[in-house]
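Biologist: I would like to go through this fold with you, one packing contact at a time. Where should we begin?

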Amino acid sequence: MTPEQIDALAWDKQQGLLPAIVQDANDHRVLMLGYMDRAALDATLATGRVTFYSRSKQRLWMKGESTGHVLALVSVEADCDADTLLVQARPAGPTCHLGRASCFPAAPAAFLPQLDALVARRERERPAGSYSSRLFADGTRRIAQKVGEEGVETALAAVAQDDPALLGEAADLVFHLLVLLRSRGLGLSDVDAVLRDRHAAAAR
């Protein structure tokens, strides 16, 4: 946010505090609700770590300052009335003090980014017994071969089998494609960026 945008926020509506909804930038799950005064917003933008004004502590409070479960800032924007903030961040561990990903237990989240993150962990850690680990050990060429096989099976299911079969093959294809991308140091977000760029170009 620019200094002008910060100045334009409705700080006077709630005694200098604005509700700040925090959303996971990867899977779009709502993580928590906090409050920011101007100093907290300035600290968030300056440090890249989401910081709130704690009404109970009566001071600035960086999320994760004691646990290490910080929220790495991706973006912040105001709503149409300029009195509520939407903060997108990447959490380092659970956000809720009860050890859950979100303070809202049933908050929905897109699954594909979670699967992509799991594949990335498998690539880094290579746990024994993991199918993903075996694929990574076989190398990019073998993973690419699996993607080709799954692509053919998906196409055949589309013309010769029922919907559940097609969906099953499509799921296999997407999973192996995520593994292939990760073997090249890429991920779902990279594909998302290309699609967004293409959409923006087509809309011009």
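**Helix packing and cores**

Modeller: This is a predicted model. Start with α3 and α4, which are oblique to each other.

Biologist: At roughly what angle do the axes of α3 and α4 cross?

Modeller: Helix α4 covers residues 131-138. Its axis and that of α3 come within 9 Å. Angles over 145 degrees would count as roughly antiparallel, and 65 to 115 as roughly perpendicular. The pair is therefore oblique, with a crossing of roughly 60°.

Biologist: Which residues of α4 make the contact with α3?

Modeller: α3 passes α4 in a right-handed crossing. From α3 come Val119, Arg122 and Glu123. The contact residues divide into 2 nonpolar, 2 polar and 2 charged. On the α4 side they are Ser132, Ser133 and Phe136.

Biologist: How do α5 and α6 run, roughly parallel or roughly antiparallel?

Modeller: Helix α5 spans residues 140-160, and helix α6 spans residues 163-183. Their axes are 8 Å apart, and the angle is about 160°. The cut-off for this class is over 145 degrees. So α5 and α6 are roughly antiparallel.

Biologist: How many residues in the contact of α5 with α6 are nonpolar?

Modeller: α5 passes α6 in a left-handed crossing. α5 brings residues including Ile143, Val147 and Ala157, and α6 brings residues including Leu166, Leu173 and Leu180. Charged residues also take part, among them Lys146 and Glu150 in α5 and Asp172 in α6. The contact has 5 polar and 5 charged residues, and the nonpolar count is 12.

Biologist: α6 also meets α3. How many polar residues does that contact hold?

Modeller: The axes of α3 (residues 111-125) and α6 come within 10 Å and cross at roughly 50°. That makes α3 oblique to α6. Leu112, Leu115, Asp116, Val119, Ala120 and Glu123 in α3 meet Val174, Phe175, Leu178, Val179 and Arg182 in α6. These divide into 8 nonpolar and 3 charged, and the polar count is none.

Biologist: Glu125 lies in α3 too. Is Glu125 buried or exposed?

Modeller: Glu125 and Leu178 are 53 residues apart in sequence. In space, their C-alpha atoms are 16 Å apart. The relative accessibility of Glu125 is 52%, and the cut-off is over 50%. Glu125 therefore counts as exposed.

Biologist: And Arg29, in the loop between β1 and β2: buried or exposed?

Modeller: Leaving aside neighbours within four places in sequence, Arg29 is in contact with residues including Val22, Asp24, Ala101, Pro108 and Gln114. Its relative accessible area is 16%. The cut-off is under 20%, so Arg29 is buried.

Biologist: Now the cores. Which residues touch the most other members of the largest nonpolar core?

Modeller: This core has 19 residues. β1 (18-24), β2 (30-36), α2 (38-47), β5 (71-78) and β6 (85-91) each supply at least two of them. Leaving aside neighbours within four places in sequence, Leu41 is in contact with Met1, Ile6, Leu9, Trp11, Met36, Val76 and Leu85. The members touching the most others are Val22, Met36, Leu41 and Leu85.

Biologist: How many residues are in the second, separate core?

Modeller: Its members include Val119, Leu135, Phe136 and Val147. Val119 and Phe136 also belong to the contact of α3 with α4. Val147 is one of the α5 residues that meet α6. The second core has 10 residues.

Key: Residues are numbered from 1 along each chain as its sequence is written. This is a predicted model: local features need pLDDT of at least 70, side-chain atom pairs count only at pLDDT 80 or more; totals for chains, interfaces and linings use all residues. Side-chain values use heavy atoms; hydrogens and water are left out. A nonpolar core is a set of buried Ala, Val, Leu, Ile, Met, Phe, Trp, Tyr and Cys residues joined through side-chain atoms within 4.5 Å. Buried means under 20% relative accessible area, exposed over 50%, partly exposed in between (1.4 Å probe, protein chains only). Helices (H or I, at least four residues) and strands (E, at least two) are DSSP runs, numbered from the N terminus. Contact means heavy atoms within 4.5 Å. Axes are lines fitted to C-alpha atoms, for helices over the stretch in contact, and angles run from 0 to 180 degrees between N-to-C directions. Angles under 35 degrees count as roughly parallel, over 145 as roughly antiparallel, 65 to 115 as roughly perpendicular and the rest as oblique. A crossing is left-handed if the near helix is turned anticlockwise from the far one by less than a right angle, and right-handed if clockwise. Ala, Val, Leu, Ile, Met, Phe, Trp, Tyr, Cys and Pro count as nonpolar, Asp, Glu, Lys and Arg as charged, and the others, Gly among them, as polar.
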